[in-house]
Structure formats: structure tokens, C-alpha cells
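Colleague: I am new to this structure and would like a close look at one part of it. Could you walk me through the salt bridges and then the place where the chains touch?

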Amino acid sequence: MYRAEIVMADREKVVDSADNQERTLNKLQARLAEVEQELDFLTYAISHDLRAPLRTLFGFSTLLVRKYGDNLEGQPLDYLKRILSGAARMETMIEELLKLSRVGRAEMRREQVDLSALAATVLDEMQAADPGRPVEIEVEPGLSCMGDQSMLRTVLHNLLQNAWKFTGGTPSPHIRFFAWINEGQRFYCVRDNGAGFAVGQADRLFRPFQRLHLETEFPGVGMGLALVKKIIQRHDGTVRAEGEEGAGATFCFAVGDT
Amino acid sequence: MKKTPGRMDILLVEDNPGDVELVREALSNGGVKNVLHVASDGVQAMRFLRKEGEYAGRILPDLVLLDLNLPRKSGREVLKDLKSDPALQFIPVIVLTSSKSEEDIIQAYCLHANCYVSKPVDFNQFVNIVHSIEDFWLSIVKLPFRH
């Protein structure tokens with residue numbers, strides 16, 4: 001009898017905790033739906049409402065230059081051009097921010113992706129767009145993984161484009177794409193011998209709008225690696241970066257099994 | 001319905017005075033002689049189109065340029081009302097908005113917008129777009145009551 005009571009009491013506890021868990025789960029699901037909706041509103045506000053004042057800024061500065069540019073010279077004209085370039089930059093930043101938000105929510109398709117072929121294509125395109133630069137390229141053949149083809153293309157594009165950009169001032173530039181096994185995990189890496197970055201700054205690289213170089217040296221708003229990280233996170237994977245100032249950088253990613 | 005020959009009437013439904021001025025600027029050096037009428041919200045736009053109150057005796061526009069996010073009555077509602085009104089539904093409506101959202105685009109076409117154009121931030125592109133609209137809608141296409 002005593003034993004049976006204990007069993008009953010335990011069972012009630014189990015039922016009770018299952019009820020609790022369900023309630024918590026429901027609450028979390030409701031909260032998630034709420035946050036998703038807020039995110040939708042925010043994205044819409046950024047893409048629509050924030051653009052309007054920017055257009056005003058851009059439009060009227062352009063008109064000033066167009067209509068009254070002949071009467072302006074020296075500092076006033078220089079100021080106006082700075083306003084214009086600020087507005088143009090903000091437009092690019094908004095575009096990039098939207099890309100990040102889209103990548104975070106886009107539907108994913110999992111298929112076998114030939115990374116070596118993708119990397120070779122992307123590098124061919126860069127070479128074609130910038131034929132004057134002799135860059136030594138090495139792509140390890142036969143590398144593939146499961147993932148979303150178009151998202152992984154963005155990953156390779158952004159990593160290789162960075163390598164291309166940051167070897168701009170290097171005497172004999174070299175870009176390599178290869179696989180690397182670390183603690184049983186297979187990483188795919190892009191290595192270059194370009195400008196590199198200051199040791200200890202690797203974490204900052206993957207945050208939106210973080211730049212570790214001067215805009216005048218290497219142009220860009222600083223969203224490429226944040227996009228890479230977001231895409232790899234969606235593939236249940238990890239990213240890592242190693243580099244040294246003036247001695248090149250290596251960026252690696254691994255994707256999860258599922 | 002009396003239309004002035006050689007002059008196109010455009011109704012711009014836009015609440016942002018900056019954008020109104022920019023459209024006016026862009027239209028002013030285009031090739032087609034036009035008069036720009038402006039309604040700054042959806043209610044005013046419908047009153048203009050239905051010639052109510054202060055708009056009695058006005059002529060119908062040849063073309064409507066419609067923003068989507070408007071005070072009092074949204075551009076979507078204006079579009080819906082206009083396209084379901086037999087007295088107005090033949091007027092071409094060009095949705096001209098900052099939004100590039102897929103949902104807005106689909107919705108606008110479902111509500112029978114004649115085309116959807118996203119306003120660029122760059123003024124030079126903006127001028128090109130307004131000129132393209134002018135060129136296509138006011139000189140290439142055949143509009144009703146304009147023969």
C-alpha cells in the first residue's frame with residue numbers, strides 16, 4: 001500500500017512535469033512567433049521606411065550639384081560630395097543588412113555540393129573581371145559536402161573575394177582552397193598571403209560592419225564574413241579565422257552532418 | 001470627358017514632400033508636356049479621382065503614380081477601390097514605392113496594378129526611371145480617351 005502510494009505520487013510528479021514542459025514549450029513557441037513577426041516589421045521598416053529619408057538626402061544633394069554645381073567650388077562642393085558619398089554608403093549598408101536578414105530566414109535545400117568546382121568557377125570569374133592581376137591559384141580537387149548550393153556559393157564567393165581583395169598589394173599573390181582535418185572535423189579553407197589582420201581580432205571579423213582595414217586601402221562595408229558565419233550557422237557548422245598582419249589569412253568552415 | 005490635347009495629366013499619390021519634389025524635378029526635363037497633380041494621402045486621392053468636393057469639375061488623370069504606404073488610406077486600398085470602380089478602372093496605375101518586398105509586389109499585381117516600380121535611392125537612377133515611365137506610358141502606349 002505504502003509502496004503503491006509512492007508510485008502514484010511519482011507518477012503525478014511525472015505527469016505534472018510533462019504538463020509544465022508543455023506549457024513552457026507553448027510559451028516559447030508563442031514568443032518565437034512574436035519575435036519573428038517583430039523581425040518582419042523591422043526588416044520592412046529598414047527596407048522601406050529608412051530608404052525614404054535617404055532618397056531625400058541623395059536626391060537633393062544631387063540636384064544641388066546638378067543645378068548649382070557651377071557656382072560651387074572648393075570646400076562647399078567638397079562638403080556636398082561627402083554628403084552624397086555618405087548617403088550612397090548607407091544605401092549599400094542597408095542592402096547588405098537585408099541580405100543578412102534574408103539569409104537568416106531563407107528556405108534551405110540540402111544537396112551534394114561540389115565545392116571544388118564552385119571555388120574554381122568563382123575564381124575564374126574574378127580572374128576574368130580583373131585580368132591584369134597574376135594571382136597563383138590552387139584548388140584541391142574533389143571536395144564536396146552536403147548543403148544549400150546557392151548559400152555555399154555565397155560563402156565561397158565572399159571568402160575568395162576577400163582573398164582576392166586583400167592580396168591586392170602583395171608582390172606574388174597566392175590563393176589556395178583546400179580541406180583540413182582538425183580533431184576529426186573536416187574544414188574547408190581559403191588561404192591567402194595578403195594583408196592579413198592583427199592577431200586577436202579574429203572574432204570581430206565575423207560581426208556585421210566590422211572592418212579591420214582602412215576603407216581607403218580595401219573598400220567594402222564589412223558584411224561579407226558576417227554573411228559567411230550566418231550561412232555556416234544555418235548549416236550547423238563552425239567558422240574560424242587565423243591570420244597575421246602582413247602575412248596572410250586563412251578562413252575555414254565546417255558544415256554539420258544533418 | 002475632356003482631355004487637353006498635347007498635355008498629359010498625372011496624379012501622384014505621395015505623402016513625402018521630398019519625393020513629390022523629386023518626381024516634379026525628374027518630370028520637368030522629360031520629353032512629354034504634363035501637369036502633375038498631387039494627393040498626399042489615400043483619401044485625398046480617391047476624392048480627386050471621384051471629383052468630390054474641391055475636386056469637382058477636374059479631369060481624370062491619364063496616369064496614376066501611387067505610393068503604397070500612405071496616411072489615412074493605404075495605397076493598397078486606393079488600388080483596390082480604383083480598380084473595382086467601372087468609372088476609374090481603365091486608368092493605368094503605376095505603383096511607385098520604396099518597398100522591394102516580394103509580398104508588396106505580388107499583392108500590387110493581384111490588385112491589378114499596371115506595373116510596379118521600386119524607387120531607387122540614387123537620384124540619377126530615379127530620373128532615368130521617371131523618364132522611362134513617361135516615355136512608355138505617355139508616349140508609346142495607347143491610352144483611353146486619347147485618340
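Modeller: Let's start with Arg105(A) and Glu36(A), whose side chains form a salt bridge at 3.9 Å, N to O. Please keep in mind that this is a predicted model. The two partners come from distant parts of the chain: Arg105(A) sits in helix α3 of chain A and Glu36(A) in helix α1 of chain A, 69 residues apart. Arg105(A) is partly exposed, at 36% relative accessibility, and Glu36(A) is partly exposed with a relative accessible area of 36%.

Now move to Arg51(A), which pairs with Glu95(A) in a salt bridge of 2.3 Å, N to O. Because Arg51(A) belongs to helix α2 of chain A and Glu95(A) to helix α3 of chain A, this pair ties together parts that lie 44 residues apart in sequence. Arg51(A) is buried, with a relative accessible area of 1%; the cut-off for that word is under 20%.

The next salt bridge takes us across to the other chain. Glu25(B) meets Lys67(A), with 2.5 Å between the closest N and O atoms. Glu25(B) is in helix α1 (residues 17–28) of chain B, while Lys67(A) is in helix α2 of chain A, so this pair joins two chains. Glu25(B) counts as buried at 15% relative accessible area, whereas Lys67(A) is partly exposed at 45%. There is a network to find as well: salt bridges with shared partners join Arg51(A), Glu91(A), Glu95(A) and Lys100(B).

Another link of this kind brings Asp19(B) and Arg55(A) together, at 2.5 Å from N to O. Between chain A and chain B the count is three salt bridges, and a search of the whole structure gives 24 over all chains. Five residue pairs are in polar contact between chain A and chain B, both residues being at pLDDT 80 or more. On the side of chain A that touches chain B, the elements giving two or more residues are α1 (2–49), α2 (51–68) and α3 (75–105) of chain A. The largest share, twelve residues, comes from α2(A). By type, the residues on this side of chain A are six nonpolar, five polar and seven charged.

Finally, step back to the whole contact, which takes 18 residues from chain A and 23 residues from chain B. Together the two chains bury about 1700 Å², with 56% of it on carbon and sulfur atoms. Tyr44(A), His48(A) and Arg55(A) supply 37% of the area that chain A buries against chain B, more than any other three residues. You have already met Arg55(A) as the salt-bridge partner of Asp19(B).

Key:
Residues numbered from 1 in each chain as written. Chains lettered and ligands numbered in written order. Predicted model: local features only at pLDDT ≥ 70, side-chain atom pairs only at ≥ 80, totals over all residues. Heavy atoms only, no water. Contact = heavy atoms within 4.5 Å. Buried area = accessible area lost by both parts, 1.4 Å probe. Salt bridge = Lys/Arg side-chain N within 4 Å of Asp/Glu carboxyl O. Polar contact = N/O pair within 3.5 Å; in protein donor to acceptor, adjacent residues only side chain to side chain. Helix = DSSP H or I, 4+ residues; strand = E, 2+ residues; numbered from the N terminus. Nonpolar A, V, L, I, M, F, W, Y, C, P; charged D, E, K, R; others polar. Buried < 20%, exposed > 50% of the residue type's maximum accessible area, 1.4 Å probe, protein only.
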